[in-house]
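Visitor: I am new to this structure and would like a close look at one part of it. Could you take me through the place where two of its helices meet?

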Amino acid sequence: MKKVVQLIFGDIRNVASVAVAVALAWAVAQWLPTASGWVLVAALIAAAFWQAA
C-alpha cells in the first residue's frame with residue numbers, strides 16, 4: 001500500500017501521470033464503460049514504467 005501512495009503522491013510527475021490515467025479512464029467510460037477499468041490499469045502500468053525510466 002505504501003508504494004501505491006508513493007506512486008500517486010510522490011512528486012508532481014506522479015500526480016500528473018495518475019491524473020492523466022484517471023482522465024483517460026473517465027473518457028473511455030463515456031463510450032465503453034466496461035473497458036474503463038482496463039484502460040485505467042494499462043495507463044497506471046504505463047505511468048509506472050515512465051516513472052522507472
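Guide: Here is a walk through that meeting place, beginning with the chain as a whole.

Please keep in mind that this is a predicted model. The chain has three helices and zero strands, so from the N terminus on its elements read α-α-α. Of its 53 residues, 19% count as buried. The chain exposes about 4,100 Å², and carbon and sulfur atoms supply 78% of that area.

Now to the part you asked about. Helix H2 covers residues 12-31 and helix H3 covers residues 36-52. Their axes come within 8 Å of each other and cross at roughly 160 degrees. An angle over 145 degrees counts as roughly antiparallel, and H2 and H3 are therefore roughly antiparallel to each other. The crossing in which H2 passes H3 is right-handed.

Which residues make this contact? On the H2 side they are Arg-13, Asn-14, Ser-17, Val-18, Ala-21, Val-22, Leu-24, Ala-25, Val-28 and Ala-29. On the H3 side they meet Ser-36, Val-39, Leu-40, Ala-43, Leu-44, Ala-47, Trp-50 and Gln-51. Sorted by character, the residues of this contact divide into 13 nonpolar, four polar and one charged.

Two of the serines are worth a visit. Ser-17 lies in helix H2, and leaving aside its neighbours within four places in sequence, Ser-17 is in contact with Ala-47, Trp-50 and Gln-51. Is Ser-17 buried or exposed? Its relative accessibility is 9%, and because buried means under 20%, Ser-17 counts as buried.

The other serine, Ser-36, is found in helix H3. With its neighbours within four places in sequence left aside, Ser-36 is in contact with Ala-25, Val-28 and Ala-29. Ser-36 has a relative accessible area of 18%, which is also under the 20% cut-off, so this serine is buried.

One of the partners of Ser-36 is Ala-29, whose place is in helix H2. Here the relative accessible area is 25%, a value between the 20% limit for buried and the 50% limit for exposed, so Ala-29 is partly exposed. Ala-29 also offers a simple distance to look for in the model: Ala-29 and Val-39 are ten residues apart in sequence, and their C-alpha atoms are 9.2 Å apart in space.

To gather the picture, H2 and H3 run roughly antiparallel, with Ser-17 of H2 touching Ala-47, Trp-50 and Gln-51, and Ser-36 of H3 touching Ala-25, Val-28 and Ala-29.

Terms used: Residues are numbered from 1 along each chain as its sequence is written. This is a predicted model: local features need pLDDT of at least 70, side-chain atom pairs count only at pLDDT 80 or more; totals for chains, interfaces and linings use all residues. Side-chain values use heavy atoms; hydrogens and water are left out. Axes are lines fitted to C-alpha atoms, for helices over the stretch in contact, and angles run from 0 to 180 degrees between N-to-C directions. Helices (H or I, at least four residues) and strands (E, at least two) are DSSP runs, numbered from the N terminus. Angles under 35 degrees count as roughly parallel, over 145 as roughly antiparallel, 65 to 115 as roughly perpendicular and the rest as oblique. A crossing is left-handed if the near helix is turned anticlockwise from the far one by less than a right angle, and right-handed if clockwise. Contact means heavy atoms within 4.5 Å. Ala, Val, Leu, Ile, Met, Phe, Trp, Tyr, Cys and Pro count as nonpolar, Asp, Glu, Lys and Arg as charged, and the others, Gly among them, as polar. Buried means under 20% relative accessible area, exposed over 50%, partly exposed in between (1.4 Å probe, protein chains only). Accessible areas come from the Shrake-Rupley method with a 1.4 Å probe; for residues, only the protein chains shown count as cover.
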